[in-house]
Amino acid sequence: GIVEEPPLRLGDGGAIAPGYDPELDTARALRDDTRQVIAQMQSQYQEDTGISALKVKHNNVLGYFVETPATHQKRMMSEQLNATFMHRQTTANAVRFTTVELAELEGKIARAADQTAELEKAAFEVLTRKALERSGPIARAAAALAAVDVAASLAELAETEHWARPELFEDRRFHVIEGRHPVVEAALRKELRRGGDSHEFVPNDCDLSADHTEANDRSNNGPKPIWLVTGPNMAGKSTFLRQNALIAILTQMGAYAPAARAEIGIVDQLFSRVGAADDLARGRSTFMVEMVETAAILNQAGPRALVILDEIGRGTATYDGLSIAWATLEHLHDVNQCRALFATHYHELTALTSALPGLKNATIAVKEWKGEVVFLRQVISGAADRSYGVQVARLAGLPKSVVGRANEVLKSLETGSESSAARARRLIEELPLFAAAAATDIEPEPAQTSGLEARLRDLDPDAMTPRDALEALYSLKALLEEE
């Protein structure tokens, strides 16, 4: 009784399937196919009168009427036809009539839209009652179909995306081999198919295991339930954090995981502090929101929790932020004692591995090639010594003068033993802002024009014949070989 894709609102019409209610179909035909109904009536009247010139017309004064040329007036007003066709009007060239049938049809057409809506509503109410009478079996069928849909969708993902069946344990191990972020991987593959500047997703391992094998070993060789992840901007730290959280969720919902292998101990809480957002309506800055969320994690996370934290403390002064990140990392290790991935640009935190036995340094590998930074997207043991933020700023399109100035300031800040404040005062004196800006405004000396460029400038393509163009091309190629 219901069409395959019904409208959102019953009042929009079209919810009841054609053929379900004959009366509704008739009303719809009058509403939607008025011309066809009138044409059928006109054809019938032509056959009844034998006048092929007879027409059924409409105007705003008479409504619908039957019209014949004046030459047929006598026949139309004969005793045989006068009982059916009632005279309405005579003009210079035509005679107009009406019929009881035509008058009724006109009324039906006028009421067709309202009638259609009423009939649809009535039919829908009947169907609703029938559905409610069978609500139990329908709900059970819907639940079964939903379960099949979820299971089949996950099975298709596991098959087509080469996911692995994870193993779930009662302890707190967390060992993922060649884990991947399913959404990022799909986006990269799509970009590759389009011929864009992309690459295959690089899988990475993650081992936050605890409470098994060497779980009680507090030496530096034991399990490391907290990883401190450093590395350049844009290298993939956030992706690495999120993919492992997703793998934990997929494992515990009964799905296969985007990895070559996964051994996951029960995760009873999953906390994430990633990204930047403010809550100005409540008077909370971006940093305040970050601190509120961090506080919730530190106050609630238990030993079976999985926590991912990204750039804690970056929204305030450097030393304040470093201090907060330092204390947060220690609290996670000593108090919460949970599995965690902690991404940061505070490279000073990497020294904590000597004091916190459960902390491991991990970084995203990069290579520098001819002044360019190449992101390898591979998570390896160790700590990053720089963040390559200026290079990322250049990739983002900052003006060359800004990038150059940033490099000058960075080199000066990275050298010297004085305090940050003293260094800043020295930089203002040694690297005056407006002097640097003025230097970028100096017009460079004009470059020497090559013979090839001069020859190219002399060419007038619009005035050249095809033969001239071919000779010019050979001439330019010869000049290029000479230079």
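Trainee: Is R457 buried or exposed?
Mentor: This is a predicted model, and the values here are computed from it. Exposed means over 50% relative accessible area. R457 has a relative accessible area of 62%, so by that cut-off R457 counts as exposed.

Trainee: Which residue does R457 meet in a salt bridge?
Mentor: The partner sits in the same helix, α15 (residues 451-458), four residues away, so about one helical turn separates the two. That partner is partly exposed, at 31% relative accessible area. The N to O distance is 2.7 Å, and the residue is E453.

Trainee: Which residues are joined into one network by salt bridges that share partners?
Mentor: The links arise through shared partners. The network consists of E167, D171, R173, R261 and E263.

Trainee: How many residues apart in sequence are the parts that E263 and R173 tie together?
Mentor: E263 and R173 form a salt bridge, with the closest N and O atoms 3.5 Å apart. E263 lies in strand β9 (residues 261-265), while R173 lies in the loop between β5 (167-169) and β6 (174-179). So the pair ties together parts whose separation in sequence is 90 residues.

Trainee: Are E263 and R173 buried or exposed?
Mentor: The cut-off for buried is under 20% relative accessible area. E263 falls in that class, and so does R173: both are buried.

Trainee: What is the relative accessible area of E133, which pairs with R134?
Mentor: The side chains of R134 and E133 meet in a salt bridge at 3.7 Å, N to O. R134 is partly exposed, at 47%. E133 is exposed, and its relative accessible area is 62%.

Trainee: How many salt bridges does the structure hold?
Mentor: The pairs above are among them: R134 with E133, E263 with R173, and E453 with R457. The total for the structure is 16.

Trainee: Why do the buried residues of α1 line one face of the helix?
Mentor: In α1 (residues 22-32), the buried residues are L24, A27, R28 and L30. Viewed down the helix axis, they fall within a limited arc, so they line one face. That arc is 160°.

Trainee: Which helices are included in what covers those buried residues of α1?
Mentor: Both also lie across strands of a sheet. One lies across β1 and β2 (63-69), at about 135° to β1. The other lies across β1, β2, β3 and β4, at about 145° to β2. They are α2 (34-49) and α5 (100-133).

Trainee: Which strands stand at the edges of the four-strand sheet?
Mentor: The sheet is open, with antiparallel pairing and the order β1-β2-β4-β3. Each edge strand has a single partner, so one side of each is left without a neighbour in the sheet. The edges are β1 (55-59) and β3 (86-90).

Trainee: Which residue in β4 does H87 stand opposite?
Mentor: β3 and strand β4 (residues 94-98) run antiparallel and are joined by four bridges. Opposite H87 stands F97.

Trainee: Which strands stand at the edges of the six-strand sheet?
Mentor: This sheet is open too, with mixed pairing and the order β10-β11-β12-β8-β13-β14. A single partner at each edge strand leaves one of its sides without a neighbour in the sheet. Those strands are β10 (269-273) and β14 (372-381).

Trainee: Which residue in β12 stands opposite V307?
Mentor: Strand β11 (residues 305-310) and strand β12 (residues 339-343) run parallel, joined by five bridges. The residue opposite V307 is A340.

Methods
Residues are numbered from 1 along each chain as its sequence is written. This is a predicted model: local features need pLDDT of at least 70, side-chain atom pairs count only at pLDDT 80 or more; totals for chains, interfaces and linings use all residues. Side-chain values use heavy atoms; hydrogens and water are left out. Buried means under 20% relative accessible area, exposed over 50%, partly exposed in between (1.4 Å probe, protein chains only). The arc is that of the directions from the helix axis to the C-beta atoms. Contact means heavy atoms within 4.5 Å. A salt bridge is a side-chain nitrogen of Lys or Arg within 4 Å of a carboxyl oxygen of Asp or Glu. Two strands pair if DSSP finds at least two bridges between them. Axes are lines fitted to C-alpha atoms, for helices over the stretch in contact, and angles run from 0 to 180 degrees between N-to-C directions.
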